[in-house]
Amino acid sequence: MILVFCELQDGKIRKPSLEALSEARRLADGSGKQVGAIFAGGSVAGAEEAAAYGADVILKAEGPSLAAYSSDGYARLLADAVKAKGASVLLAAATSAGKDVAPRVAARLGAGYAADVTGLAMKDGKLQVQRPVYAGKAFATVDFESAIQVATTRPNVFPVAQCPKAGASEGLAAGAADFKAVVKEILAKAGGKVDLTEADIIVSGGRGMKEGANFKILEELAEALGGVVGASRAAVDAGWGIPHSMQVGQTGKVVSPTLYIACGISGAIQHVAGMSSSKVIVAINKDPEAPIFKLANYGIVGDLFEVLPELIKAAKALKG
Amino acid sequence: MKILVALKQVPDTETKIKVAAEGKSLDPADVKWITSPYDEYALEEALRLKEAKGAEVVAVSVGGEKAKDILRNALALGADQAVLVKATETGDPLAVARILATFAEGKGFDLLLFGNKGFGADNGAVGSMVAELLGLAQANLVTKLELGEGTFRAEREGDGGTEVIEGSLPAVITAQRGLNEPRYASLKGIMAAKKKPIEEVDGAIVTATVRVSSMVLPPARLEGRKLDGEVPAQAAALLGLLKNEAKVL
Ligand SMILES: Cc1cc2nc3c(=O)[nH]c(=O)nc-3n(C[C@H](O)[C@H](O)[C@H](O)COP(=O)(O)OP(=O)(O)OC[C@H]3O[C@@H](n4cnc5c(N)ncnc54)[C@H](O)[C@@H]3O)c2cc1C
Ligand SMILES: Nc1ncnc2c1ncn2[C@@H]1O[C@H](COP(=O)(O)O)[C@@H](O)[C@H]1O
């Protein structure tokens, strides 16, 4: 069996989890395996949706002890489920929770682990993956030598595919809350906005934005296009009040949106590492020699303070 | 208090990656080696705790002879002890975690500090794995850390906002940018570090769980087109292209 750790948000399965689930279904079909979707939480209402995306079995661990996320608590639960089901592969989306728990599960099971994979296959009965290394400056093919294989899938890479299956529901014991560490509260919840790593469209600003207040212009464009705002490290470091969570690059978020619009960003190697796998890249920069133009599908050479208002107008006209 | 800081030696972030002739690893020619950027925050946090509360800081790296450079640097910055755990790094995070866990076990560490991700292998895994192998609490991607009596409170970057994690010590903490601002080594520190020993121990023998079978460079992106004309015309043209040619809107 291939088990997939799935995350719920507001009663819906998160898109990165659906991507992992769809990919698990594809692997299972090619190798005669079953797919199990596993959910954990105070409530897991909405888990049934997994049947539509290829889950033969839906495993539900529900109870007050799981209401607050715990790395060690969730790792124990997932490892126990892998063992109980005799699963050979565990997948999770490379979200903040997925990346937190998956290595811990792997260590508990003595399983090999590959993070942030962008390609998956079964080879000689074992998982074989492709994954970016050196922050996307190279790609490695990784073979597993362990009996159990654990991997996290990079968001926005794999397609979500509907594939209705039985989705037989099974309960798992939630267990006692004797955890070593738990999440006590979540501060400054980013008001419903999707995380950069999950966004389809990102409008990023760099030092060329001149000051933090000008990021409002980017917000307006992002809103008109249905995207979110990112930043270069120079913009984050400038003291403009832009949080590090918005930084794209080698020491920030590595993103693969459908559309990445870089505004006033030169295209330093560390920034490019974080966004070069975007499907389409647009650069707006007043310097025609800026390295960012080397990888941009479309470039506008000009003053962003003149270009952006026109783009906003055009975007509103297009969408409106 | 006793603190372990795990330091990985990695290629400078400016490095243009070239693949070695065997097609599986980085060609090390012309590579400048540095301490993995996030590990610098881990070391800085240990040094600040030492200054604030008193602590013994042990810097550890798993690798070969060359890794002594980053350990020497850790001594120059203020680490009390530096240990090279000799083993060949193959990019298997569980192998490194087992070697580090075997080293740390029974030595009475109250806190084990890691980078959240080692540049290069980019696994973001070794810290959590060591926590599991030693049965300890963990908090990853930490931007703020406070210690109590046998407890910790950490803030971490989660997808939905900043998560506040509370747990028991000993614990594994992996550092994220924002945790602190790392210091530079003073000339005095650098001179003193030259005289300090770097301990060497053999790494535990572990079996590989993953192996890189090939490494390739990503397909080059073709340079696209620069638009021309008046600004409003360019803006309209761009949106037209995004919608009709690239089909992303
Ligand atoms: C260890 C390490 C890790 C790093 N990690 C990251 C990372 O994760 N992410 C990251 O982004 N960087 C990272 N960097 C920093 C990186 O090297 C660059 O310094 C940074 O990306 C530059 O940001 P920028 O492009 O916004 O600024 P600059 O390089 O200063 O570029 C500003 C650009 O704006 C243009 N411009 C200015 N005014 C206008 C205008 N009115 N209209 C149009 N264009 C204008 C300029 O022509 C210029 O090209 C890292 C560096 C190191 C050493
Ligand atoms: N060879 C190593 N020696 C010492 N510490 C390491 C080594 N590899 C990884 N680490 C630590 O584990 C962290 C995460 O690494 P990784 O899981 O490879 O991304 C790094 O930031 C280091 O703190």
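## A tour from B:V216 to the strands of chain A

Select B:V216 first: at a relative accessibility of 46% this residue counts as partly exposed, a class that lies between buried (under 20% relative accessible area) and exposed (over 50%), with a 1.4 Å probe and only the protein chains considered. The model is predicted, so local features need pLDDT of at least 70 and side-chain atom pairs count only at pLDDT 80 or more, whereas totals for chains, interfaces and linings use all residues. Residues are numbered from 1 along each chain as its sequence is written, chains are lettered from A and ligands numbered from 1 in the order in which they are written, and side-chain values use heavy atoms, with hydrogens and water left out.

Staying on chain B, extend the selection to residues 210-216, which form strand β12 of that chain and include B:V216; strands here are DSSP runs of E with at least two residues, helices are runs of H or I with at least four, and both are numbered from the N terminus. Apart from its neighbours within four places in sequence, B:V216 is in contact with A:A138, A:F139 and B:V19, where contact means heavy atoms within 4.5 Å. If you then pick B:T90, its C-alpha is 17 Å from that of B:V216, and the two residues are 126 apart in sequence.

Next, show chain A as a whole, whose secondary structure comes to 7 helices and 18 strands. Its radius of gyration is 21 Å, close to the 20 Å that the globule rule gives for 320 residues, so chain A is as compact as a globular protein of that length; the radius is taken over C-alpha atoms, and the rule is 2.2 Å times the number of residues to the power 0.38. Along the principal axes, the C-alpha atoms of chain A fill a box of roughly 60 × 40 × 40 Å, and 62% of its 320 residues count as buried. Among contacts in chain A with a separation of 6 or more, 63% are between residues 24 or more positions apart.

Now select residues 57-62 of chain A, strand β5, which is mostly covered, with 5 of its 6 residues buried. Add residues 35-41, strand β4 of chain A, which pairs with β5(A) in the parallel sense over 6 bridges, pairing being assigned if DSSP finds at least two bridges between two strands; here A:G36 stands opposite A:V57. Finally, add residues 168-172, strand β12 of chain A, which pairs with β5(A) in the parallel sense over 5 bridges, and look for A:G171 in β12(A), the bridge partner of A:K60.
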